[in-house]
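The following paragraphs offer a guided reading of a protein chain for a student who is new to structures. Please keep the sequence and the model in view while reading.

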Amino acid sequence: SPDNALYLQSFFAQANPENTVQLLSRIARDAPAIGDLISTISVPTLIIANDQEFVHPLEYALAIHGKLPLSRLRIIASKTVNPRAYREEFAMSLRDFLLSLEGRS
């Protein structure tokens with residue numbers, strides 16, 4: 001999305017380019033380390049994803065959702081394709097999730 005691109009561009013304006021290279025290299029190799037321990041998390045968890053995210057692909061969300069027993073996965077519009085729908089669907093997903101938690105404590 002354009003705002004993500006602007007954010008990434010800001011890395012190149014930093015005073016120490018070596019740090020930027022290290023950071024961007026780590027981001028490119030980043031993937032969720034999903035082991036069996038994650039399945040012991042027993043709190044409701046909301047996972048919001050879309051199929052246009054290249055830094056955090058949908059496959060990551062699906063893998064995490066498959067390991068978290070109380071997770072809810074919501075696939076929403078991509079910010080790249082439709083920023084307004086993304087914001088609305090994100091807000092609605094979060095609102096619905098939080099409302100579902102009322103009375104659980």
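At 32% relative accessibility, F90 is classed as partly exposed, because the partly exposed class covers values between the buried limit of under 20% and the exposed limit of over 50%. The model in which this residue is seen is a predicted one. F90 takes part in two features that may be examined in turn.

The first feature concerns aromatic rings. In general, a pair of such rings is described by the distance of the centres and the angle of the planes. The structure holds one aromatic pair. Y86 and F90 form this pair, with 6.0 Å from centre to centre and 40 degrees between the planes. The pair counts as tilted because planes under 30 degrees apart would be stacked and those over 60 edge-to-face. Y86 and F90 are four residues apart in helix 4, so about one helical turn separates them.

The second feature lies at the surface. F90, L94 and L98 make a nonpolar patch of about 240 Å². L98 belongs to helix 4, which spans residues 83–101. With a relative accessible area of 46%, L98 is partly exposed.

It is now useful to view the chain as a whole. It has four helices and two strands, and from the N terminus on these elements run α-α-β-α-β-α. The accessible surface of the chain comes to about 7600 Å², of which 59% belongs to carbon and sulfur atoms. What share of the 105 residues in the chain is buried? Buried residues make up 19%.

The interior can be approached through the largest nonpolar core. This core consists of seven residues: I38, I47, A49, L58, A61, L68 and L73. Strand 1 and helix 3 (58–67) each supply at least two residues of the core. One core member, I47, touches A61, I64, H65, L68, S71, R72, L73 and R74, when residues up to four places away in sequence are not counted.

Contacts may also be viewed by separation along the chain. Among contacts with a separation of 6 or more, 64% are between residues 24 or more positions apart. A separate example of distance concerns S42 and L70, which are 28 residues apart along the chain, while their C-alpha atoms are separated by 6.4 Å. S42 lies in the loop between helix 2 (17–29) and strand 1 (45–49). Is S42 buried or exposed? Its relative accessible area is 57%, so S42 is exposed.

Technical notes. Residues numbered from 1 in each chain as written. Predicted model: local features only at pLDDT ≥ 70, side-chain atom pairs only at ≥ 80, totals over all residues. Heavy atoms only, no water. Patch = residues over 30% accessible without salt bridge, like charges linked within 9 Å, V, L, I, M, F, W, Y side chains within 5 Å. Areas by Shrake-Rupley, 256 points an atom, 1.4 Å probe, with all protein chains shown as cover. Salt bridge = Lys/Arg side-chain N within 4 Å of Asp/Glu carboxyl O. Buried < 20%, exposed > 50% of the residue type's maximum accessible area, 1.4 Å probe, protein only. Core = buried A, V, L, I, M, F, W, Y, C linked by side-chain atoms within 4.5 Å. Contact = heavy atoms within 4.5 Å. Phe/Tyr/Trp six-rings, centres within 6.5 Å; stacked < 30°, edge-to-face > 60°.
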